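Hello,

Here is the structure I said I would pass on. Please open it first, then read the notes below.

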Amino acid sequence: MSFVHARSGDKGGDANLGLWVAHDGSPAYDARVAWLLGHLTPDRVRELVPDAASLEVEVFALPNLGGVNVVLHGLLGQGVAASTRLDPQAKGLGEQVRARLAVPEELA
């Protein structure tokens, strides 16, 4: 899936994840944005990030930017200095989620 881009990081014990549709000139841009905004619910994020299954997850739609901002509360425990996670700063979280998104074939 090449049309969804991601960036992620830490905010204390919370992880912040931004996902957006690239402006690549595709006539499918609006449909891709609509899919992303409808697809990325808190429950879907918990499915994509099993470590967050029991955590509060907020998804903020940013339609004018063609993306979403996701906050995973408590994913990093007490924060980067105290975290024992493999990715204590959540820098790889965006790629983890991108890799697990199943894009409808007609949008690919």
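Start at a hairpin. The model is predicted, and in the hairpin of β3 and β4 residue G66 takes a positive phi near 70°. Four residues lie between the two strands there. The strands β3 and β4 pair in the antiparallel sense, over six bridges. One bridge within that pairing joins A61 to V68 of β4.

V68 has a second link. On β2, L19 stands opposite V68. Strands β2 and β4 run antiparallel and are joined by six bridges. How enclosed is β4? Five of its six residues are buried, so β4 is largely enclosed by the rest of the structure.

The whole sheet

Four strands make up an open sheet, ordered β1-β2-β4-β3, with antiparallel pairing. Its edges are β1 (4–11) and β3 (57–62), each of which pairs on one side only. On average, neighbouring strands are turned by 15° against each other, direction ignored. Helix α1 (residues 29–39) packs on this sheet. The helix touches β1, β2, β3 and β4 (67–72). Its direction makes about 155° with that of β2.

At the other end of the order, β1 pairs with β2 (residues 14–21). That pairing is antiparallel and covers eight bridges. Within it, H5 has W20 of β2 as its bridge partner.

The chain as a whole

The chain holds three helices and four strands. From the N terminus on, they run β-β-α-α-β-β-α. How does the radius of gyration fit a compact globule? For 108 residues, such a globule would have a value near 13 Å; the chain has 14 Å, which agrees. Along the principal axes, the C-alpha atoms fill a box of roughly 45 × 25 × 20 Å.

Some totals for your setup:
- Buried residues are 38% of the 108 in the chain.
- The chain exposes about 6,000 Å², and carbon and sulfur atoms supply 51% of that area.
- Take the contacts between residues at least 6 apart in sequence: 56% of them join residues at least 24 apart.

The core

The largest nonpolar core has 27 residues. Those with the most contacts inside it are L19, L40, V49, L72, L75, L93 and V97. Which elements give two or more residues to this core? They are β2, α1, α2 (42–48), β4 and α3 (93–100).

L93 is worth selecting in your viewer. Leaving out residues up to four places away in sequence, L93 touches S8, A15, L17, V49, L72, L75 and D87. V49, L72 and L75 are also on the list of residues with the most contacts inside the core.

One loop residue

Now look at E56, in the loop between α2 and β3. Is E56 buried, exposed or partly exposed? E56 has a relative accessible area of 48%, so it counts as partly exposed, since that class runs from 20% to 50%. Beyond its neighbours within four places in sequence, E56 is in contact with R46, V71, L72 and H73. L72 thus turns up again: it is in contact with E56 and with L93. P27 is 29 residues from E56 along the chain, and their C-alpha atoms are separated by 35 Å.

That is the list so far. Send questions whenever you like.

Best wishes

Technical notes:
Residues are numbered from 1 along each chain as its sequence is written. This is a predicted model: local features need pLDDT of at least 70, side-chain atom pairs count only at pLDDT 80 or more; totals for chains, interfaces and linings use all residues. Side-chain values use heavy atoms; hydrogens and water are left out. Two strands pair if DSSP finds at least two bridges between them. Axes are lines fitted to C-alpha atoms, for helices over the stretch in contact, and angles run from 0 to 180 degrees between N-to-C directions. Contact means heavy atoms within 4.5 Å. The radius of gyration is taken over C-alpha atoms; the globule rule is 2.2 Å times the number of residues to the power 0.38. Buried means under 20% relative accessible area, exposed over 50%, partly exposed in between (1.4 Å probe, protein chains only). Accessible areas come from the Shrake-Rupley method with a 1.4 Å probe; for residues, only the protein chains shown count as cover. A nonpolar core is a set of buried Ala, Val, Leu, Ile, Met, Phe, Trp, Tyr and Cys residues joined through side-chain atoms within 4.5 Å.
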